Amino acid sequence: MRRFSRHRLEAVLLERGLVDRGTLEKIVARQKKNGQSTAKLLVEIGLLSEEEILVLMEEELNIPRVDFDASSIDQNITNMIPAEMAKRHLVVPVERKGEVLVLAMVDPFDLAAIDDISMVTGLKIQPATARESVIRHMIAQFYGLPGSSSAREGEEEAVRESEAGGYSQTVGEEEAPVMRMVNALIERAVEEGASDIHLEPDGDKLRLRLRLDGVLHDLTPPPLQLGVKIISRVKIMANLDIAEKRLPQDGHIQWRGRKRGISMRVSTLPTVSGEKIVIRLLEKDKIVLPLEKLGFTSDHYNALQSLLLNRHGLILVTGPTGCGKTTTLYSALHYLNRPEVNIITVEDPVEYRLQGINQVQVNRRINRTFANALRSILRQDPNIIMVGEIRDLETAKITAQAALTGHLVLSTLHTNHAAGAVTRLIDMGLEEYLITASLLGVIAQRLVRKVCPHCREEYVPDADEKSFFRHFFGKEVPPFLVRGRGCRYCSGTGYHGRTSIQEIIVLNRELRQLILEGETAEILQQKAAAGGMRSLIMDGRRVVEEGITTVDEIVRATFSSIFETGGGTLDETVAYLSRRHSQRS
């Protein structure tokens, strides 16, 4: 069997200009000293990401990459090597081809591991690669069957892993593999940048899904006998009642993994198939961004700053669930947080604990609603108040009155575009004069996926896209657009990472007068656009023309606002989406 050489990887790194010779010599010296792989050292010092190295090894060194989630691996194959050996070398046997065993490895250049496993199995080894977090997850899954000989080998290790994760408790034979499985799943989700983990009973298996860049992706489901125990383990970690399966529950986990800590919100939901659990991963680095890194263009950034510099008034952020409203609000609070101001929030739930800011959690069981909490907050001498969401007239009135009496108030509404926030408040029953007197501005936003940088390509727009540009963007399409072909780096989607698009209405005298006259949201939107506001759709056109994303992604993200703001008819939009869906299928 051909063996892969670290020297070839080093040569490729130099050929591609990814490292200079001096840096590479230092990395090689460290590798020889501590035994770490060259690839891992490159990741640790930040020269390349793990994903970039895997792509490099596949493209340049022809080392295949295993997609566990698209493969069905026989338990007889994984039983060919002991659990202890799989954990020590971080390897998973994938497939036997005659006298050759395909072996997924964190380090495909680890000759000691290849020799050990070749000796144990009596087969030649064909190294393959996968993410370290994925291999750890698969080891926990394949070598975690209760009652199997391999399950008992890792109990002491499970205790150590548990203590590292903040859960030092006595672990029995049944709990050890489940603990490893859950820890590995969370570690994998964190490594891949997931925002949510879904655990869903589905017939004869527990369906596992990760939400990556706003879209759910299936993982290899664990054995049926582990499913119920995995659900129970997560509930224990979140301090939930494991005996209660009839009612929804909410909990929280502070988890410390191999590389960093993370806060998680856990929600359970009884379904006809069993309890479904969703774990929201709350990483401070993703939730609380510096204001300049929110993806705002310079004019939008200046508009946002001008709103935040006010001493009093109401600022609203609007959009559907998952559009980044919380990130924008938390980043704004981080920007405003200074020793001389008193900031208090009321949230449902508190997404992340912010240092130096007083946060209040809504609790309806003791009648601590948004409105009641706000009344108490106003007696706490606040300068700045953040209300998680305006859901009813009572909350809207207290919020508006707080903005009128010398407080800067930030909050959210679920509307499709910025002008819709005004009509939503009026529909709730808030008087027009309170809106015009208190409201400073409204930010509507969406998150859109970015074209994958590793497989991006230019192409000539088709007839549908030409028609779309004319109908919805009001101009001719550029001669070339950008899309992603789909590759390992983006899991075949053509997208990797997300950015935001926005529209910002800053209320002026003319808009306040139109609100008092009872004009519709459409008229308000048109007047704001005439005054220089760039709508969501036009901001979407900007990121398409700059090659950041695709037309299809803008339509997906702004579908609800396209026809509401006069950018085209519902029938035209649905017809476009239907044709694109048929082409992809």
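Start by selecting I315, which stands opposite G441 in strand 15. The model on screen is a predicted one.

**The mixed sheet**

Widen the selection to the two strands around that pair. Strand 10 covers residues 313-318 and strand 15 covers residues 439-451; the two run parallel and are joined by 5 bridges. Next, select helix 18, residues 420-428, which packs on the sheet and touches strand 10, strand 14 (408-413) and strand 15. Turn the view until helix 18 and strand 14 are both visible: their directions make an angle of about 90 degrees.

Which residues of helix 18 are buried? Show the side chains of the helix and pick out G420, A421, V422 and L425, which are buried there. Then step just past the end of helix 18 to G429, where phi is positive, at about 115 degrees.

Now show the whole sheet. It is open and has 7 strands, in the order 12-11-13-14-10-15-18, with mixed pairing. Strand 12 (358-361) and strand 18 (495-506) are at its edges; each has a single partner strand, so one side of each has no neighbour in the sheet. Looking across the sheet, neighbouring strands are turned against each other by 20 degrees on average, with direction ignored.

**An enclosed space**

Keep V422 selected for the next stop. How many cavities of 30 Å³ or more does a search of the whole structure find? The search finds 2. The largest cavity has a volume of about 50 Å³. To find this cavity, select its lining: A418, A419, V422, V442, I505, L507, L511, I515 and L524. V422 of helix 18, already met as a buried residue, is one of these lining residues.

**The antiparallel sheet**

Move to the other sheet on this tour. This open sheet has 6 strands in the order 6-5-4-9-8-7, and the pairing is antiparallel. Its edge strands are strand 6 (215-219) and strand 7, each of which pairs on one side only. From one strand to the next, the twist averages 25 degrees.

Select strand 9, residues 274-282, together with strand 4, residues 196-202: these two run antiparallel and 4 bridges join them. Within this pair, L199 has I277 of strand 9 as its bridge partner.

Then add strand 8, residues 261-271, which pairs with strand 9 in the antiparallel sense over 9 bridges. Two pairs of residues can be labelled here. R265 has R280 as its bridge partner in strand 9, and S267 stands opposite V278 in strand 9. Follow the backbone from strand 8 into strand 9 to see the hairpin that joins them through 2 residues.

**The second largest pocket**

Which strand gives the largest share of the lining of the second largest pocket? Select strand 7, residues 249-256, which supplies 3 of the lining residues. The pocket holds about 540 Å³ of space. Of its 14 lining residues, D250, D348, P349, Q361 and V362 are the closest to the centre. Centre the view on these five residues to look into the pocket.

**Two loop residues**

Go next to D107, in the loop between strand 2 (100-105) and helix 7 (111-121). Is D107 buried or exposed? The relative accessibility of D107 is 12%, so the residue counts as buried, the cut-off being under 20%. Show its side chain, which reaches the backbone nitrogen of F109 at 3.0 Å.

The other loop stop is P64, between helix 4 (50-60) and helix 5 (75-78). P64 has a relative accessible area of 29% and is partly exposed. Apart from its neighbours within four places in sequence, P64 is in contact with Q126, P127, A128 and T129. Draw a distance from P64 to A104 as well: the two are 40 residues apart in sequence, and their C-alpha atoms are 9.0 Å apart in space.

**The whole chain**

Finish by zooming out and colouring by secondary structure. The chain has 25 helices and 18 strands. How many of its 585 residues, as a percentage, count as buried? The share is 51%. Among contacts in the chain with a separation of 6 or more, 65% are between residues 24 or more positions apart.

Key:
Residues numbered from 1 in each chain as written. Predicted model: local features only at pLDDT ≥ 70, side-chain atom pairs only at ≥ 80, totals over all residues. Heavy atoms only, no water. Pairing = 2+ DSSP bridges. Axes fitted to C-alpha atoms, helices over the stretch in contact; angles between N-to-C directions. Contact = heavy atoms within 4.5 Å. Buried < 20%, exposed > 50% of the residue type's maximum accessible area, 1.4 Å probe, protein only. Polar contact = N/O pair within 3.5 Å; in protein donor to acceptor, adjacent residues only side chain to side chain. 1 Å grid on protein atoms, 1.4 Å probe; cavity = no way out; pocket = protein on both sides within 12 Å on 5 of 7 lines; lining within 4 Å. Points joined across faces, edges and corners; volume = space filled by probe spheres on them.
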